[in-house]
Each structure stands twice: as structure tokens, then as C-alpha cells.
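Thanks for coming. I will show one model today and go through how its chains meet and how one of its sheets is put together.

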Protein chains: 4
Amino acid sequence: MSGSIYGKLFQISTWGESHGKGVGVVIDGCPAGLPLSEEDIQVFLDRRKPGQSRFTTHRKESDSAEILSGVFEGKTTGTPVSVLIRNQDQRSRDYSNIMDCYRPGHADYTFDSKYGFRDYRGGGRSSGRETIARVAGGAVAAKILRSLGIEIQAYTKAIGPVLIPEEQYDYDEIFNNPFYMPNALRAKEAADYLTDCMEAKDSSGGIIECVITGMPAGIGETVFDKLDASLAKAILSIGAVKGFEIGDGFAAALSKGSLNNDAFTAKDGNICKLSNHAGGTLGGMSDGSPVVFRAAVKPTPSIAQEQKTVNKDGSPVSLVIQGRHDPVIVPRAVVVVESMAAITVVDLLFSNMCARMDFLERFYCNTFNL
Amino acid sequence: MSGSIYGKLFQISTWGESHGKGVGVVIDGCPAGLPLSEEDIQVFLDRRKPGQSRFTTHRKESDSAEILSGVFEGKTTGTPVSVLIRNQDQRSRDYSNIMDCYRPGHADYTFDSKYGFRDYRGGGRSSGRETIARVAGGAVAAKILRSLGIEIQAYTKAIGPVLIPEEQYDYDEIFNNPFYMPNALRAKEAADYLTDCMEAKDSSGGIIECVITGMPAGIGETVFDKLDASLAKAILSIGAVKGFEIGDGFAAALSKGSLNNDAFTAKDGNICKLSNHAGGTLGGMSDGSPVVFRAAVKPTPSIAQEQKTVNKDGSPVSLVIQGRHDPVIVPRAVVVVESMAAITVVDLLFSNMCARMDFLERFYCNTFNL
Amino acid sequence: MSGSIYGKLFQISTWGESHGKGVGVVIDGCPAGLPLSEEDIQVFLDRRKPGQSRFTTHRKESDSAEILSGVFEGKTTGTPVSVLIRNQDQRSRDYSNIMDCYRPGHADYTFDSKYGFRDYRGGGRSSGRETIARVAGGAVAAKILRSLGIEIQAYTKAIGPVLIPEEQYDYDEIFNNPFYMPNALRAKEAADYLTDCMEAKDSSGGIIECVITGMPAGIGETVFDKLDASLAKAILSIGAVKGFEIGDGFAAALSKGSLNNDAFTAKDGNICKLSNHAGGTLGGMSDGSPVVFRAAVKPTPSIAQEQKTVNKDGSPVSLVIQGRHDPVIVPRAVVVVESMAAITVVDLLFSNMCARMDFLERFYCNTFNL
Amino acid sequence: MSGSIYGKLFQISTWGESHGKGVGVVIDGCPAGLPLSEEDIQVFLDRRKPGQSRFTTHRKESDSAEILSGVFEGKTTGTPVSVLIRNQDQRSRDYSNIMDCYRPGHADYTFDSKYGFRDYRGGGRSSGRETIARVAGGAVAAKILRSLGIEIQAYTKAIGPVLIPEEQYDYDEIFNNPFYMPNALRAKEAADYLTDCMEAKDSSGGIIECVITGMPAGIGETVFDKLDASLAKAILSIGAVKGFEIGDGFAAALSKGSLNNDAFTAKDGNICKLSNHAGGTLGGMSDGSPVVFRAAVKPTPSIAQEQKTVNKDGSPVSLVIQGRHDPVIVPRAVVVVESMAAITVVDLLFSNMCARMDFLERFYCNTFNL
């Protein structure tokens, strides 16, 4: 187990390195009958593709998805959907400056510790290119969710100190700026801040927020496989994410019960909450309100400044990283967050189907005319 | 799947409700030959037992662990270890005021949504008593880790606004105050703050921090089952936890690469880091530094104030919760955090054993004289 | 992982040794709303209880099931159902003759090889008492299936050379003889045969057959988790089972395609098969015909004859086993086969619920009025 | 979950249809440092490749393996190994005669029942080509085992009535005939028998036997994940396999304890057995003797004779299958059996590594100098 398989019922198995032949995903457990084309996946991949703005790496990759199996006459067949994305712009450049040394903030040292050696070319499996496979899987999961009335939208809440308070959100702006920020003015400030970072050969962190709407209440398991716990793992498994919070999150630690509790009420006969400090979960299950969570993303570790580090043998070296790197990881990670959330929610939706005898009986009755 | 089984190789299966016959855990995958007594488990259980101070519920429970299987002549046999803790003080009081209504901040509504009905007595399975089983499992996991040189210590970093900065930590104080805070003065301030909360019929949130030392580098899987991601799920699966961060966590979002990167160096021939912004993981694997993470805990939802809510049928009701409740969840959750961390780390240690051919060959050679 | 957890969605976690405090099972994933009492489980346990006839061990065990959790007001709540069966007649006799020696046909040597030592009292975890937990789980699974119109019936097809050909089956006789044989005459012959075995201080093997009716077509996954493959594992996991076959099984190896293929036809508008050589599965999925499989059970290894074996240190010893042992395992294993089949089928039924988008959409629409 | 992922620690995820773009496998959990080339995999694939003799389909497929990831400088890196085999000879012929009708003995009807429709071209995912991915995975597993001193060899024991008794085995002959039979004379008889079958437009079943040598004692888990139970599932998951037996298997049902028990003895200080009726397992764990099991394979369902069946709508049709089909599945399945056995054994070897505290402590001590 190298831990490259995720999910219980809707399972993705991902593979691939930055400078190998490509990356890919096998989706096991996609229901039959979902209309699916390469275009559906491409739309998602294009959101994380490099080269979209001057704030991303200049590596040229079309990141074209090829569906190899599991789709027949435009629909999924219920069998595994294999998606292949060939690498194109693997520069056959000289890696001698990083093959022996441990870049700060990267997984070079831990890979060597775990496996004894590593594919050092472009970071190998620890490269951001690994997330392509997640996004391909997420595109499929999101399509399933949409057909059930569930929408997931992630966006950039903060880049370094440039943070957008909730009351300034304008969701229509998300796709109008290179950072996927829901506020045009803040996006401009972020651009200025990043330009300064780049000039200083430095990088910035940030915060991604994600909202899931249309979730019926009761999704998520009650003890270990809680909806929020499962989302936490999904999101922390994305490289560079260092924190996760749902609803008021860390602010709840400062709060009081009388303020933090969300009162229930009824509207048009439906039970709902008057506030959403909880972020849409109670006891680990969705409560019918929007599920709202945030991910803290660390600054890109690859910076153009000279850095002190050591070689494999422990001897000190001075390192200047020359590759092509994003000054901030956040914007391209937005769709990765959305993808991991979608995969996680689909899985919990599926496992919820057998939670009640009355539903089971009705399901089997309707389906098989028992 | 109700999600009450956790782990891949070291697996715990938990069961039990607040007012049922008891709670328990079955541990599948405990290695043979571990010296284990009921006392080992009791020491852990006593740390979360109610009635330790005036800041906890007055429910009287001895929470005595009985080992039912898997131990022979004082040692684990390799077969499942079943631990039973009988409930004692289930008050047969009248639950009519909560059986039909949805308490704010509790899982009543989501349980009903998921399952159609619920065991409302004392919160049923969503009660804090569910965590007893985790702690029993954690005691065993912690004992395994200790024999391998790995120690886990959790403590209270903040209760409401009373937060202890790192430079004021005095680990010797942890067991000297009812809050498990590593600073005597702050513990007093916390007591004052909580007394105020209680007088105002209110409750407080807080932050738990946990440190894992002695971890070899390379533990954790590289993509989905990262050490930090796995810990995040483990911790968020504890009721009332709303956030998780590792190392600098959310502060990293505000930082820059030049500040956030931890430089490598060598000491006595061993590679290590000069700082630990990362909190002990790189690329999801332990990096040899202490693993440091924090959990945000929301205020106890059960408060003595009158609250507005609705009944099952949506009709508005005024609710006064009369049970016995902690004004803050944090202190009793400290050992739960430690337990979940221990179980998670054992599991990843085990799965790491087959990561390399040279280790495998040597292991089989040594073991079986092949 | 000691491999004591079984299933993906309907999961049983079993524990307990022959001469420990008891045995038990935790069922995780039982749907909410199933009427369930201890009596439901007891009926199943009584079918494997010792002391039912002169052909079983004389160990006295009431094998009384206590439900510890997961049931409220007579119905399952969706949370784990924990069932405890205390051991009663653990004779505190002298085990010195087997604690150091390896009984032929038993797991003494392999337990020592795997774990370094073993709980030798009564075979510890490798005792037939381990199956009590399976039967308790099976009783619950069977009740779920019955409510969906699926029935499972196992019976003894052969004891030693006394085999009942299909054309002589009289299902009404199954519960009229101590062997659960569907033919009164053959049951008498079996009694005679076993009496001879017992007089010769020997034991007999036999064959159990199991029929599942009411299965809708399409249950079972298409590649690794085939219905027949899953049943094979379930049945072979029962101690003493040495073979599994479905439909014509090994006889199919001697057959030809023209004879072995089952022709399809239609009856009252429903597609069905004219014969059932396949035993109810095609491509690993149920085909709507009865699922019919058989298990080969080896003779009880504990015989009263003197046997040659060795001690831990390899020195030869002469062994006479004195315990209380069944001359044939088959009759008491019938309900174990039925139980493992029930658990396996429930699990595959549940995972089948998310196989199709049209079912999913209808399910979520109906359930949540999306 | 379509059940196309197999294993717990050494996991294979397979995909692909007969007439899609190709088939493939992703191996997650292959240890780092295993020398691996495409040639290693090709050797295995070539053993199941069509067109090796006149007794196989005439479909032309080179079945060339391309390793897409997880290997660097000739060695596995510990990350997923993705292997792609492109389909070549997908004849774009007319499928109108099978797209609507249900071929006897095939999975057409069950696929439609489960998923609502199917990729009917060449059987889609239920084609024998699905096993290519298993063999690619098996080649890697076998290479791991070989480096630990464990060898797996499967061969044809019977084709229809032509059965080779154990005393006539000549293992050197296995690769000298198109059937992988360990006896030259019987191979000739099998050829004659099959020629007759083909002339009669019919097909034959058969039996595959597999022997695993070099297994240390104690491999396999003690309850559900027994070695024999796990092998049974692995083997029954191969299409067309209808039965599994280990050691004396079904013959043990006819035997007596005094005959079936294998006496222990000691040779050169090592404990071993004087006979092997058990087939190398006791209590579900390897006992140090060779593991010997058999698989019953049904006759190829695709025969050239006219067959009666029905269409989707239940109307009767007369079917003549025109494709390219093997008159017997057995010879090409031999390497599939070997592969599934190898994958299963690797997985259980890995999970066995954390079975004992003394091994764990020594392992971590040696590895990390704790």
C-alpha cells in the first residue's frame, strides 16, 4: 500500500510521476449510465493546467485526458473508467543540482527515508502533477453529484494577507480573475502582492474555501467516517495543505455555546437552521445547511532565492532552484479541493444508501418487483 | 457500514450508547507478545473519566475496563482484544423533553434524518461516552509505540481566550491541573473563565495540541494516506472538533516561502531541520522532527440557558437542557486526541514495514532463516 | 490485522477464545429499523449448540446471546450491534498434554509459528467456538434478507460415504434428524456410520450444500468481488472446510460446453434458464436461478486414537486427546455455512445499490424529494 | 465499487474491455527497490497470449506491456506501477447477432440485469482479456516472492476426462506441450480429445493445479483472511472457475480423521509433516509443507453449435456464435491461476510482518537504529 487508492465505494486509484510517461486514474465504482465524455474531464483539468496566467509555472502541458475504458456509446458502463494524461513537457534538463540534495519544504528527504531512493526528476510522485489524476476523478464525481442536485464550488478566500471577508463575496467574479477569488478588487490586490513576492524571489500561501449545496441531511457516518472528518483527510491529502476547518473552525474554540449553537427553525414545513456556525454538519452528518470548509495552503516551497540545505550524505550545500514554479499554489489547487470534496461526498452518499431498512425494502421492491 | 471501524492493519471496532448496557472496542491486529493488563487501559480511561473536578459532568461512572479476549498469561496473543466497559449511572429519568425535540449543536436532527429515529437517551451513540472505546484502543496503541520509542503527548493549549504561547510551556504542569494545561498560571485563568461561563449558564471552546516524538522519518503514505491527512481524519472524527492544523497550520497561509521553509542541516551525522514550521511532515511523511498538530474544539452545545428550537414535526419549542454537562469539552478530550493519534500512527508504522524490498528480504531472512 | 473483520458495508468483527471469558461479534452496518431481539439470534445459535445429540461434544454451553448495543425499543438503530456470549463450561482441567505438543490436523503448530506462542486452552481462537460469533452475525443478516424476500437454506448432503443424491431430497426432513439431512433414511445410515466411527475412535468428514432463493439477477461484482468468489472465501474461512464448488463444480471440468451451458428461455415475460449447471451465477453475478454451492468438510482432527506427533522442541511424543469432541463437524457447521452465506449476500446486495445512475437518481429523488 | 480492486497491502486495480482501447493494471503497494522491466511482465503475458497453438483463439494480439509509472532506473520506486496493454485486433465486425441476445454460459444477461445495458463487443469487461491485467500484476508479485525464496507453479491436471494422477507427474514436461500438462503422453491424449471436441463444435472443461513452495509457516490470518480462504476467492474470481479445493479437498469429505490427519515429525531439527492431506495449511495458515490447490474450470461457453436462447425482450432466438474461441480455457488460465495466487500470497506475507512484537521491535531497531 502506497496509499494511492482513495474511497470505499467510489474508488480512485491514481498513478504517475512528474517526468514519467504520464499520470492517470482508474475510477472503480462509477455507476452505469452516467453520460461521460473526455470533454467533461477536460473542463476540470483546464482549471488546474499551467500557463493560464503569469502567476503560474511556464511548463507547457496540454493535459489532455484520454478515456481508455468504462465508457460505451457515451455512457459509463459500471466498469472501471481509466483515464490517461500523457506528460509532454518533461524537460530533459540537468537535475544534478537536486538529485543528491534535499530541497527545503519538499518531500525529497522523506522519500529517500521511506524508500531508500527516489525519482528526483521534477519531484517524481510528490509533484503537483499528481493532482491531475484527482481532478480527473473529481470531474466524474462532480457530474454524478450534479445529477442528484448537489453542487460544489471552491474559490480562493485569501492570498497571503489579502483576505476576502464573507460579506464581500461576489461569486460571479470567481472565474473572472486568475486566482478564482470572489471579489475583483481583492483579486487585484492579490496580483500586486504576488508581483512583489516574485520580485523578491519569494512565494505566498493562502486559503481556499469550499461550499457544498444541495446536500440532503444525514450524509456521513456517525463515528469515524464522519463527513467533516472524511473531508479533512481528503483535503489534507493534497500536498501543501496544512490546515482544515469547517464552519467557524478555529474561531469556535474562542466562542461560547450560546453563540456557537445554531438554533433550529421550520420554513415551509422543512426543518432548517437559523445560522450556520457548524458549517453544515452535526455529529459528523450533513444537517441540510451548506457545508462550508476552508484549507490553509503553505507558500510554494520552490523559491528562486538561494537556500541552505544538505546533501544525502549530510554535507551542507547552497541551493538555487531553477525550475518553473508557481509563486502561489492556491489558484491551481482550487479545483483540486473541489475534486477531492466531490469524490468524498459521492462515496458517503453511496454508503448512506443502505442505512435504513425502509429505504432498502422500497429500493429492492421498486427495482426488482419483489 | 456505520463507520465504527477504524484503521487498516491495526483496526478498532467500537460500539455502545450512552444509556445502553455499555461501550466497548474490539482491537483486531494487535501484535502478539505485548504485555497488556486491564490496568494499562484503566490509566488511560481514568484521564477522561467524569467527576475529576468541578468542571466536568457529575455523572458517576467508574469506567472499568474488562478485557474479554486476546490476552493470555499477561500477553496479547495476536487475536482480537475485546474490551468491555459497562455503563453504570444511566439515570432512568424522563427524556420526554428531548425525545421529540432537536437540541441545537447536537446530532439529534441528523440522526433522525439518517436513520428515521434515534436512541435519544443521553444522546445515544453521539454521546461523548462513545470516545471511551477510542481511549481503550488508544491505550493499547500507545503501549506498542512506547516499546518502539515513540511517545505521544497531548495537552490543552487554549480554553476560550486563555491561550498559552509556546514559549510559556511547562510540560511538567500538564498533570497538575484539571485542564491538562502546560502552565499553572494559565490554568488558573482558565478556571476563572470557566467559572464565569458556568455562572452565565454558558460553555467554552478551546484548543488541544499534540506532540509526537521519536518518530523515524518516512512514516505515512505518499498520496492519500499521508500522515497528516490521516491524523486530520482521526482528530476530526472526535465529536466537537471543528478544525485541524499541523505545524504552522493556518498561519502558513499568511507566510512566505522564505520564512516557512525549514532548512536542513546535519548534526552528529544525522540529517535534521533547523526549524519546524512544517510540524514534522514533508510530503505527508514524518520528517524526523516532532509531529505537532492542533485541534479546535467547539463549546459544549448543552448549556443551561433556555434555547429556541423545533420538534420533530417542525413546531417551535423552548428548550432547557437539564442533564449533567461539562462546561468545556477540551480537558476530557485531551486523552481522546492522544488515543486517536496513537492508533493512527501504529497503523501507518505497520503499513510502512513492506515499503522496501531490502527491508523485506532482511526481515524474511532473519525471521525464517530463508 | 488478524483478519477477524469481514465484509465491506455489512461488517462483522468477531473475537473470543474457547476458554476465555466468552466470544462475541460487533456488527457494523446493520441498517436502522430492523426488528431484532436476542431470541432472533438465539434460534440460530441453538442450531450449532453442543449437546443436541449423542453425536456432538458433551461440553455444556447454553450459548446465550446478550445484545449490548445498537437496538432500541426492539429495533436496530443503525449503530453497531454488539453481541456477547459468555463461555460457561471451560473446564479448568489439565492441559499439560497439549500445551507443548502439536496435535495433528489442528492449528497448534501454525499458531506458534505465526505468533511465537498460543492460548492452548481448548484450541484458543482456532476452536470451533469461534464460529458462534459468525452465527450471531448470520442471524442478523438472514433477517435482513428475509425481509427482502431472500432465503438461505443449508443442509448436510453427505456424511462420509453416505451421500444423498438430489433426486432423493426431502427438505421437510432437514430439521427432523440430528444431521440436518434432507432424507430420513440416509440420516439413519449416517447415524450407523458415525456409530462405527466412534467405536473405532475415529471421525468422519462430509459435505454441506446450501441453496439461496429469491436472489434478483445482477448481485455480485464483476471482477474480483464476484458472488461465487466471495462465497468461496466466506465458506473456506470456516475451519475444516477444504473445498468449495458452485453448480456442477468439479463435475463441470469433465463436461462439454453443449451440456454445461444453460439455455435461456422466457416464462410469463420473465427471462430464466432451462437448467442450472451454473448454480445461479454467470460472470460472478446472480442470474436469477437458485444459487447452489457445496462445501467439503474434513473429518474432525481430534480423535481418541493414539497419534504420533512432536513437541515444540521437535521431540517425538505419543498423543491421546481426551477432550469432548464431535465425531463429525458437518451437522453443527450447517448453520455456520448458512450464516457466512447470509453475511456475504447482504454485503453484495448493499454494494449493488449504487451500481446504476437511474436507480441512484430515483432513490435520492424518492428519499429526499430532490 | 465494481470490485476491480484486489488486495489490502499489495493492491491491484484493473480496467479494460475486450474491444476498448486496451486493458491495464495499477499496482499500489509494490515495495521500492524491486528490479522490474517490461520484459519481466511480458514473459508472463506471453504464457496467456492467444495464438500459441491450434487450440486457442486466432485473435492476433501481441499483448505488449508498457510500464507507465513507478519504475525509475530499472527499479520500482514504491509508488504505483501502472501497466498498459493496448488492444490491437478488435475486429470492427458486426455484433448485431449478440448485441440483443443472451449467450448461454456468458455474462450478457447478468450484466444487463445489473447495469441496465452493456458493452457487448467481444464480451466487454467479462471477456477473458480482463485477465491480462491480473497476469501483469501477478508477474510483479511472483518476482517479489522469488526474491524471498517462494515459488509458485501451476499446470493442467486434467482436460475433460484426461486426468494426470500425481504419481505420473513430470514437471519438466509442463512447458513442452500447449496445455502446460506435466506428462507428455497425457498431453497427446488431451490433444486428441480436444480435436474431437472441435470437430463436434463443442468445448471441454478441465482442472488446474497449483503448488506453492518455500512458504514459511504461519502465513495467512486466523479467521476470515485465512490463506486457503483468500486463495479460494482469488481463484474463483477468475471467470469460468467453478470449484476450488486444497489438499485432499472434496476427497477429505469421504475420509476419516485417522487417515486425513498429517502426523508431525522432526527432520534435522525442523518440524515438518509426514504427509500432506491438508495441502499445506492448518487453521488457515501455511504449515511449511507445499501449498497445493486445484481449480475446476468449466467448458468454454462459446461453441460453434447452434444454441437456443432469448433476446432482451424474451423472444426466443437461435444463436450461432461465430467469433474466435478456445476449445478449452484451461491452458491459457494456468498463468492466471499462478498470478492470482502470487498476488494473494504477497498480500498475506506483508500483513504478517506486524503479527509479533518481537519482530516489530527488531525490525524498527535494525531499520532506524532506535
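Two residues are counted as in contact when their C-beta atoms, placed from the backbone, lie within 7 Å. With that cut-off, the contact between chain C and chain A takes 28 residues from each of the two chains. Please keep in mind that this is a predicted model.

Let me stay with that interface. On chain C, the elements that each supply at least two residues to the side touching chain A are α8, residues 330-352, and α9, residues 357-368. The largest share comes from α9(C), with nine residues. By class, this side of chain C divides into 17 nonpolar, eight polar and three charged residues.

How are the two copies related? A turn of 180 degrees, with a shift of 0.0 Å along the axis, lays chain C on chain A with an RMSD of 0.0 Å. The two copies are therefore related as by a two-fold rotation axis. Of the interface residues of chain C, 100% are also interface residues in chain A, so the copies meet through the same surface.

On the chain A side, I looked at the helix α8(A), residues 330-352. This helix has 23 residues and spans 32 Å from its first C-alpha to its last, close to the 33 Å expected at 1.5 Å a residue. As for covering, 23 of the 23 residues of α8(A) are buried.

Next, the contact between chain D and chain C. Here 93 residues of chain D are in contact with 93 residues of chain C. Elements giving two or more residues to the chain D side include α3 (108-115), β10 (206-213), α6 (227-236) and β11 (241-246) of chain D. By class, that side of chain D has 37 nonpolar, 37 polar and 19 charged residues.

Strand pairing also crosses between these two chains. Strand β11 of chain C, residues 241-246, pairs with β11(D) in the antiparallel sense, over three bridges. One position to look at is Gly243(C), whose bridge partner in β11(D) is Glu245(D).

Now the sheet in chain C. Five strands form an open sheet in the order β1-β2-β3-β7-β4, with antiparallel pairing. Which strands stand at the edges? They are β1 (5-6) and β4 (65-67) of chain C; each has a single partner strand, so one side of each is left without a neighbour in the sheet. The partner of β1(C) is β2(C), residues 11-16, joined to β1(C) by two bridges in an antiparallel arrangement. Within that pair, Ile5(C) has Ser13(C) as its bridge partner.

Helices pack against this sheet. Helix α4 of chain C, residues 131-147, touches β2, β3 (22-28), β4 and β7, and its direction makes about 35 degrees with that of β3(C). Helix α1 of chain C, residues 38-48, lies across β4 and β7 (81-86), running at about 150 degrees to β4(C).

Last, strand β7 in chain A, residues 81-86. Five of the six residues of β7(A) are buried. Strand β3(A), residues 22-28, runs antiparallel to β7(A) and is joined to β7(A) by six bridges, with Gly22(A) standing opposite Arg86(A). Strand β4(A), residues 66-67, is also antiparallel to β7(A), with two bridges. In that pairing, the bridge partner of Ile67(A) is Val83(A).

That is the end of my part.

Note on methods
Residues are numbered from 1 along each chain as its sequence is written. Chains are lettered from A and ligands numbered from 1 in the order in which they are written. This is a predicted model: local features need pLDDT of at least 70, side-chain atom pairs count only at pLDDT 80 or more; totals for chains, interfaces and linings use all residues. Two strands pair if DSSP finds at least two bridges between them. Helices (H or I, at least four residues) and strands (E, at least two) are DSSP runs, numbered from the N terminus. Axes are lines fitted to C-alpha atoms, for helices over the stretch in contact, and angles run from 0 to 180 degrees between N-to-C directions. The expected span of a helix is 1.5 Å times one less than its number of residues. A residue is buried if 20 or more other C-beta atoms lie within 10 Å of its own, exposed if 12 or fewer, and partly exposed in between; C-beta atoms are placed from the backbone. Ala, Val, Leu, Ile, Met, Phe, Trp, Tyr, Cys and Pro count as nonpolar, Asp, Glu, Lys and Arg as charged, and the others, Gly among them, as polar. Copies are superposed by least squares on the C-alpha atoms of residues with pLDDT of at least 70 in both.
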